[in-house]
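Visitor: I would like to walk through the charged pairs of this protein with you, one question at a time. Could we look at the sequence and the structure together?

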Amino acid sequence: MEPGMRIHLPVSVAEAEIKKRYETIPTATLHPNRDEIEYLKRLVIYKDSAILVLNKPPKVPMKGNLPVHNSMDVLAAAALSYGNEEGPKLVHRLDRDTSGLLLMGRTRESFTRLHWLFTSIKLARTASQIWNTACESYVQRYWALVIGTPTESEGVISAPLTKVLLDDGKAERVILAHPSGIDGAQEAVTEYRVMGPTINGCSWIELRPLTGRKHQLRVHCAEALGTPIVGDYKYGWFVHQRWKQNPQPDFEPFTGEPYKLRRPEGLEVQKGSVLSKVPLLHLHCREMVVPNIAKFLSNTGEWHDNGTPWSKEKPNLLRFIAPLPAHMKISWNIMSSYLV
């Protein structure tokens, strides 16, 4: 140590130990202690009798298998049952490096009906007009920082996807399907809009997936729009190389006027932010609107088309907002500070 050196410590020693433990202990032997359970519960931003909503941090895998330790489904089952016989189940998935809102069903009925909704609104329909109307309002919105800027400020991407196997079947990659549709293509639709100017060669965009295909947003950004997400080296490796090597002009995409750039004094650049050598993935599920399924389910799991008698005053919809993770929040602040 020398005078003037800075020491960076985690928010708490307990959380640092938790993360370290989760990286090394197989799921089969995972039994969270009290501190670890409290850490997991701090990720919960909403809980009722039917669902849990978490703000998932990046780098946590969703589903456990032989090579994956400490996945979200196993951790939730161990720490977030809240006295139920069964732990909550994942209604949908986020990629390992994607952060943000994660919905889990606390009962078999709530999990099944919400899983249908995330698959297709048609599957989720019932005889209840109230429920069907609420399902029509279902939406997910993601924020992403992309390299470059889309040609159009907003639009709809309708580009089917398919999978190809690599490395003798040990890995797979999602690509845009051939127009002929003979390669097992799946329909994939995403709405997008540009949220602001291009700064440091990057733009913030909002994404709304209308289908739920694996890596849909990442592939649509990289291959359909030609603007891969910052930190997505699987689908944007070559663009990242050019972006880091070449200075980027900074301009307002609608007027073409340049911006003055300045680096604010005293601004800390955390590992993983847009200015780091190896940024983390900048994709975050920020907003979610879902039907209030607890209003339609009794404690015994019985379905009520018009809502349970004791829940008539409850809202038909629930809306959640998840704050950005640390690396994306710093990138947001850095890029905002460039504007003079």
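Visitor: Is E206 buried or exposed in this model?
Guide: In this predicted model, the relative accessible area of E206 comes to 14%. Since a residue counts as buried when that value is under 20%, E206 is buried.

Visitor: Which residue meets the side chain of E206 in a salt bridge, N to O?
Guide: The N to O distance of this pair is 3.0 Å, and the partner of E206 is partly exposed, with a relative accessible area of 37%. The partner lies in strand β9 (residues 189-194) while E206 lies in strand β10 (residues 202-209), so the pair ties together parts that are 13 residues apart in sequence. Salt bridges that share partners also join R141, E287 and R319 with this pair into one network. The residue that meets E206 is R193.

Visitor: Which residue forms a salt bridge with E172?
Guide: E172 is partly exposed, at a relative accessible area of 25%, and its partner likewise counts as partly exposed, at 47% relative accessibility. The closest N and O atoms of the two are 3.8 Å apart, and the partner is K163.

Visitor: What is the N to O distance in the salt bridge between K89 and E86?
Guide: K89 has a relative accessible area of 37% and E86 a relative accessibility of 39%, so each falls between the 20% and 50% limits and counts as partly exposed. Their side chains meet in a salt bridge, N to O, at 2.9 Å.

Visitor: How many salt bridges does the count come to?
Guide: Side chains of opposite charge can pair when their charged atoms come close. With a cut-off of 4 Å between the nitrogen and the carboxyl oxygen, the number of salt bridges is 14.

Terms used
Residues are numbered from 1 along each chain as its sequence is written. This is a predicted model: local features need pLDDT of at least 70, side-chain atom pairs count only at pLDDT 80 or more; totals for chains, interfaces and linings use all residues. Side-chain values use heavy atoms; hydrogens and water are left out. Buried means under 20% relative accessible area, exposed over 50%, partly exposed in between (1.4 Å probe, protein chains only). Helices (H or I, at least four residues) and strands (E, at least two) are DSSP runs, numbered from the N terminus.
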